[in-house]
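Me: Please take a close look at a single part of this model, the tyrosine that follows the second helix. Then work outwards to the rest of the chain.

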Amino acid sequence: MSLYQKIKSAITVRQVGEMYGMEPDRHGMVCCPFHSDSDPSMKLNDTYYYCFGCGANGDAIDLTAKLFDLNPGKPPRS
(Lines give C-alpha, C1' and ligand atoms only; values in the text may rest on other atoms or scores of the structure.)
Protein backbone atom coordinates (compact mmCIF):
# COMPACT_ATOMS: atom_id res chain seq x y z
CA MET A 1 0.00 0.00 0.00
CA SER A 2 1.39 3.40 -0.99
CA LEU A 3 1.69 6.31 1.43
CA TYR A 4 -1.09 8.06 -0.50
CA GLN A 5 -3.42 5.08 0.01
CA LYS A 6 -2.53 4.83 3.71
CA ILE A 7 -3.38 8.48 4.28
CA LYS A 8 -6.65 8.24 2.33
CA SER A 9 -7.72 5.20 4.34
CA ALA A 10 -6.82 6.81 7.68
CA ILE A 11 -8.81 10.06 7.45
CA THR A 12 -12.14 11.13 5.95
CA VAL A 13 -12.85 14.30 4.04
CA ARG A 14 -15.18 15.40 6.84
CA GLN A 15 -12.36 14.96 9.39
CA VAL A 16 -10.06 17.10 7.23
CA GLY A 17 -12.73 19.80 7.02
CA GLU A 18 -13.29 19.79 10.77
CA MET A 19 -9.55 19.81 11.42
CA TYR A 20 -9.17 23.00 9.36
CA GLY A 21 -12.12 24.91 10.85
CA MET A 22 -15.06 23.93 8.68
CA GLU A 23 -18.15 23.16 10.74
CA PRO A 24 -20.36 20.71 8.84
CA ASP A 25 -24.06 20.70 9.62
CA ARG A 26 -25.82 17.40 10.26
CA HIS A 27 -25.97 16.77 6.50
CA GLY A 28 -22.23 17.37 6.02
CA MET A 29 -22.70 20.76 4.34
CA VAL A 30 -20.30 23.67 4.87
CA CYS A 31 -19.66 27.09 3.36
CA CYS A 32 -17.11 26.62 0.60
CA PRO A 33 -13.73 28.19 1.45
CA PHE A 34 -12.89 28.56 -2.27
CA HIS A 35 -15.48 31.17 -3.22
CA SER A 36 -17.64 33.78 -1.52
CA ASP A 37 -20.38 31.73 0.11
CA SER A 38 -23.17 32.91 2.41
CA ASP A 39 -25.01 29.57 2.55
CA PRO A 40 -23.44 26.10 2.74
CA SER A 41 -22.80 24.78 -0.78
CA MET A 42 -20.04 22.21 -0.17
CA LYS A 43 -20.86 18.62 0.77
CA LEU A 44 -18.22 16.76 2.80
CA ASN A 45 -18.69 13.01 2.30
CA ASP A 46 -16.41 10.38 3.78
CA THR A 47 -14.38 9.83 0.61
CA TYR A 48 -14.89 13.03 -1.41
CA TYR A 49 -16.11 16.63 -1.30
CA TYR A 50 -18.12 18.55 -3.88
CA CYS A 51 -19.12 22.21 -4.02
CA PHE A 52 -22.41 22.86 -5.79
CA GLY A 53 -21.43 26.54 -6.16
CA CYS A 54 -17.99 26.48 -7.76
CA GLY A 55 -17.58 22.81 -8.69
CA ALA A 56 -14.53 22.19 -6.48
CA ASN A 57 -14.18 18.48 -5.77
CA GLY A 58 -11.72 15.80 -4.71
CA ASP A 59 -10.63 13.59 -1.84
CA ALA A 60 -9.09 14.33 1.58
CA ILE A 61 -5.64 14.94 0.12
CA ASP A 62 -7.02 17.23 -2.61
CA LEU A 63 -8.96 19.25 -0.02
CA THR A 64 -5.87 19.74 2.15
CA ALA A 65 -3.74 20.70 -0.86
CA LYS A 66 -6.32 23.19 -2.10
CA LEU A 67 -6.81 24.75 1.36
CA PHE A 68 -3.08 25.44 1.56
CA ASP A 69 -2.66 26.31 -2.14
CA LEU A 70 -0.34 23.35 -2.71
CA ASN A 71 0.08 21.95 -6.20
CA PRO A 72 2.74 19.29 -6.80
CA GLY A 73 2.99 20.21 -10.49
CA LYS A 74 3.45 23.89 -9.77
CA PRO A 75 6.95 25.32 -9.21
CA PRO A 76 7.52 26.86 -5.74
CA ARG A 77 6.94 30.60 -5.31
CA SER A 78 10.07 32.71 -5.07
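Reply: Tyr-20 is partly exposed, because its relative accessibility is 39% (buried is under 20% relative accessible area, exposed over 50%, partly exposed in between, with a 1.4 Å probe and protein chains only). The model is predicted, so local features need pLDDT of at least 70 and side-chain atom pairs pLDDT 80 or more, while totals for chains, interfaces and linings use all residues. Residues are numbered from 1 along each chain as its sequence is written, and side-chain values use heavy atoms, without hydrogens and water.

Tyr-20 sits in the loop that runs from α2 (13-19) to β1 (29-30). Helices (H or I, at least four residues) and strands (E, at least two) are DSSP runs, numbered from the N terminus. Tyr-20 also belongs to a nonpolar surface patch. Its partners there are Met-19, Phe-68 and Leu-70. The patch covers about 440 Å². Such a patch takes residues with over 30% relative accessible area and no salt bridge; nonpolar side chains (Val, Leu, Ile, Met, Phe, Trp, Tyr) are joined within 5 Å, like charges within 9 Å.

Helix α2 also carries a charged pair. Arg-14 and Glu-18 form a salt bridge, 3.4 Å from N to O (a side-chain nitrogen of Lys or Arg within 4 Å of a carboxyl oxygen of Asp or Glu). The two are four residues apart in α2, so about one helical turn separates them. Arg-14 is partly exposed, at 25% relative accessible area. Glu-18 is partly exposed too, at 43%.

Arg-14 leads on to another tyrosine. The C-alpha atoms of Arg-14 and Tyr-48 are 8.6 Å apart, although their positions lie 34 residues apart along the chain. Tyr-48 is in the loop between β2 (42-44) and β3 (49-51). With a relative accessible area of 44%, Tyr-48 counts as partly exposed. Beyond its neighbours within four places in sequence, Tyr-48 contacts Val-13, Lys-43, Gly-58 and Asp-59 (contact means heavy atoms within 4.5 Å).

Asp-59 takes part in a salt bridge of its own. Its partner is Lys-8, at 3.2 Å from N to O. This pair links distant parts of the chain, 51 residues apart: Lys-8 is in helix α1 (residues 3-10), Asp-59 in the loop between β4 (57-58) and α3 (60-67). Asp-59 is buried, at 7% relative accessible area. Lys-8, at 38%, is partly exposed. The structure holds two salt bridges.

Now a buried loop residue. Ser-41 lies between β1 and β2. Its relative accessible area is 10%, so Ser-41 counts as buried. Setting aside residues up to four places away in sequence, Ser-41 touches a set that includes Met-29 and Val-30. Cys-31, Cys-32 and His-35 are also among its contacts. So are Tyr-50, Cys-51, Phe-52 and Gly-53.

Last, the whole chain. There are three helices and four strands. Their order is α-α-β-β-β-β-α. The C-alpha trace spans about 35 × 35 × 20 Å along its principal axes. Of the 78 residues, 27% are buried. Take contacts between residues at least 6 apart in sequence: 32% of them join residues at least 24 apart. The chain exposes about 5,400 Å², and carbon and sulfur atoms supply 53% of that (Shrake-Rupley method, 1.4 Å probe; for residues, only the protein chains shown count as cover).
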